[in-house]
Amino acid sequence: MTSSLSITSPETAHRPRLSWRTVLPYGFAAAVVGYAIAVGGYPATVVGFALIYAVFVIGLNLFMGFANQVSFGQNAFAAIGGYTSAVLTATYEWTPLPAMGVGMAAALVIAGLIGWPTLRLKGHYLAMGTLAIGLIVQEITVEWTSVTQGYMGLSGIPPMGAFGFEITSDRGQLIMLASVVAAATFLSARLKRSRMGRALSAVAGSEEAARALGIAVARYKLLAFLLSAALASLAGSLFVHVVGFVSPEVFGLHMVILTFTMLYVGGIGTIAGPVVGALIISLLPETFRGFKEYQDLAYGAALILMLIYAPKGLSALFSHRRRP
Amino acid sequence: MTRLVLENVTKRFGGLVAVDNVSFTVPEAGVTAVIGPNGAGKTTLFSLVSGFLTPTDGRVLFDGQDITGLAPEKISARGLVRTFQLVKLFEDLSTLENVKVGRHLHTKAGLFSAFLHTPAARREEREVEARARDLLSFVGLQHKADADASGLSYGQQRLLEMARALAADPRLVLLDEPAAGLNGEESEALSRIIRRIADNGTTVLLIEHDMTLVMNTADRVVVVDFGRKIAEGTPAEVRVNPAVIAAYLGSAATAKAAEQEKLNG
Ligand SMILES: Nc1ncnc2c1ncn2[C@@H]1O[C@H](COP(=O)(O)OP(=O)(O)O)[C@@H](O)[C@H]1O
Ligand SMILES: [Mg+2]
């Protein structure tokens, strides 16, 4: 097929390849996690939390980055996962994995019930619906004291484990969390470059053009929403098993703001963005501890600088594709 | 054989009748053009046919089946694919990936084949890749395969949108002002591409302002003005139709002047 069109200027084909640019974000993440595993102690705790957040943000990225939708209520699914794990293991003495499975199933059912009707509507119904579900689940965790103990919280949650093994050491937990984050990142990369991922990018780019090519837009939004809820639920379960305790504040509005910051600083829509964002945002306050009472100021200044110099997120600085 | 039938199609927006009782047929073979002044209702007509708008009245038949009021994704699944007057590319994707999206209807890889890279999924992906590259070559964008779609020139974006629509293997493709914003040389090249699409067996229905392109490319022309069909026929017939000349005075005069210029130059 050679229709000679003279619209185009000759340029050589350009294939994305593995370069230092694409590898750098992962190198950074690996270095941070490696350091934490080596030294243990407080750094291991901080990095552990960062990795749990990373799982959540990877999910948020599927919905907000890949599919270009908005949800303010993914914390609800973390709470559903976290509390299901906590109650089933601490109160009913289940083992962690089945409890986590039930939590994820519950999160998926609730996400389906909210997403199915709202995702077919245009406009901000879903954003409002998700905000509502975030607040409702928060209320339930506070008020349903016979199960959740309200603000007292639930303690005595066993560490993650399976088949009689329990992961109790800092290092063991970090390795477990890093493996989960690596797997979720790997799978989201595969998703992005697949037929499904392209359909999500199409929905993100233009719903009308997507429909003109036969893409059932509502179904793909729902798919992204469900995947996102599943990862949020997983993050919630991981949290309660790592900490051994859960209370309503853990999954509050604070979590929404923090994870949004992580997503945007890391680079929304990118593959490495969630991990990079989760690590940077978790480490920044620690880095600025030396600033004493100016710590918050330094933290804020750093965020503003990043927004100015990397408006598409830190990971976008390392994108392999040519910018126009 | 008839590809598309419009029967008394009407669309009202409140008090405005954007499309007023329009009927015509599009045969399987060749290129049919819809022309008419700005605001005549051409784009609305395309939206009614492709399911983005529901007619207030009338029916649309595609390959003999009633598709009136079906959702756009259902209509494209039947083999009727449109492009947009204002190009709508997927900006997160490269040029090649945009065309790959066009294969959506003819592929089936799901979530698990994406995660697991099953042999079947990899084979399907190879086919999609090959097909997308062929189509990029067809419109002359093969050297832009890995560039950001948003970085293409306007003319290239129009061609990309066409390649993406063709990737869906449509039996009928609707092109909404494909030559808008192209220079003379570009629009001549476009005209050749459109002829080749039709020669390959895909019915082409296009909206166009550029009379030269219509005269060179279309086999039949439907003229609309103020939502109504005012004429229909071969380009030569339509060109001398008094009603068309009256409606089109401005454009016709411009076309004449351009022709004159060509003769002089
Ligand atoms: N969604 C809409 N709501 C109200 N009026 C519309 C809408 N779409 C088009 N119109 C009106 O319908 C008429 C025909 O528009 P259009 O089909 O875009 O014309 P054309 O493509 O021939 O230039 C115009 O007067 C336009 O303002
Ligand atoms: Mg128009």
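## A sheet, a metal site and two cores

Let's start in chain B of this predicted model: strand 1 (residues 2-13) and strand 4 (residues 57-62) of chain B run antiparallel and are joined by five bridges. Within strand 4 of chain B, Asp57(B) is the bridge partner of Thr10(B). These strands belong to an open, antiparallel sheet of four strands in chain B, ordered 2-1-4-5. Strand 2 (16-27) and strand 5 (65-66) of chain B are the edge strands, each pairing on one side only. Helix 1 of chain B packs on the sheet, where it touches strand 1, strand 2 and strand 4 of chain B. The direction of this helix makes about 115 degrees with that of strand 1 of chain B.

Helix 1 of chain B also takes us to the magnesium ion (ligand 2), since Thr43(B) lies in that helix. Thr43(B) and Gln85(B) coordinate the ion at 2.0 to 2.1 Å. Gln85(B) sits in the loop between strand 6 (80-82) and helix 3 (95-101) of chain B, so the pair ties together parts 42 residues apart in sequence.

| Residue | Donor atom | Relative accessibility |
|---|---|---|
| Thr43(B) | OG1 | 28%, partly exposed |
| Gln85(B) | OE1 | 28%, partly exposed |

Now for the nonpolar interior. The largest nonpolar core has 152 residues, of which Phe77(A), Leu191(A), Ile35(B) and Val204(B) touch the most other members. Helix 2 (residues 41-66) of chain A gives the largest share, 16 residues. Domain 1 (1-79 + 170-265) and domain 2 (91-169) of chain B both contribute residues, so this core lies between them. Apart from it lies another core, of 24 residues, including Ile67(B) and Val224(B).

Methods
Residues are numbered from 1 along each chain as its sequence is written. Chains are lettered from A and ligands numbered from 1 in the order in which they are written. This is a predicted model: local features need pLDDT of at least 70, side-chain atom pairs count only at pLDDT 80 or more; totals for chains, interfaces and linings use all residues. Side-chain values use heavy atoms; hydrogens and water are left out. Donors are N, O and S atoms within 2.8 Å of the metal (3.2 Å for Na, K and Ca); water is not among the atoms, so sites may look incomplete. Buried means under 20% relative accessible area, exposed over 50%, partly exposed in between (1.4 Å probe, protein chains only). A nonpolar core is a set of buried Ala, Val, Leu, Ile, Met, Phe, Trp, Tyr and Cys residues joined through side-chain atoms within 4.5 Å. Domain bounds come from an automatic or database domain assignment. Two strands pair if DSSP finds at least two bridges between them. Contact means heavy atoms within 4.5 Å. Axes are lines fitted to C-alpha atoms, for helices over the stretch in contact, and angles run from 0 to 180 degrees between N-to-C directions.
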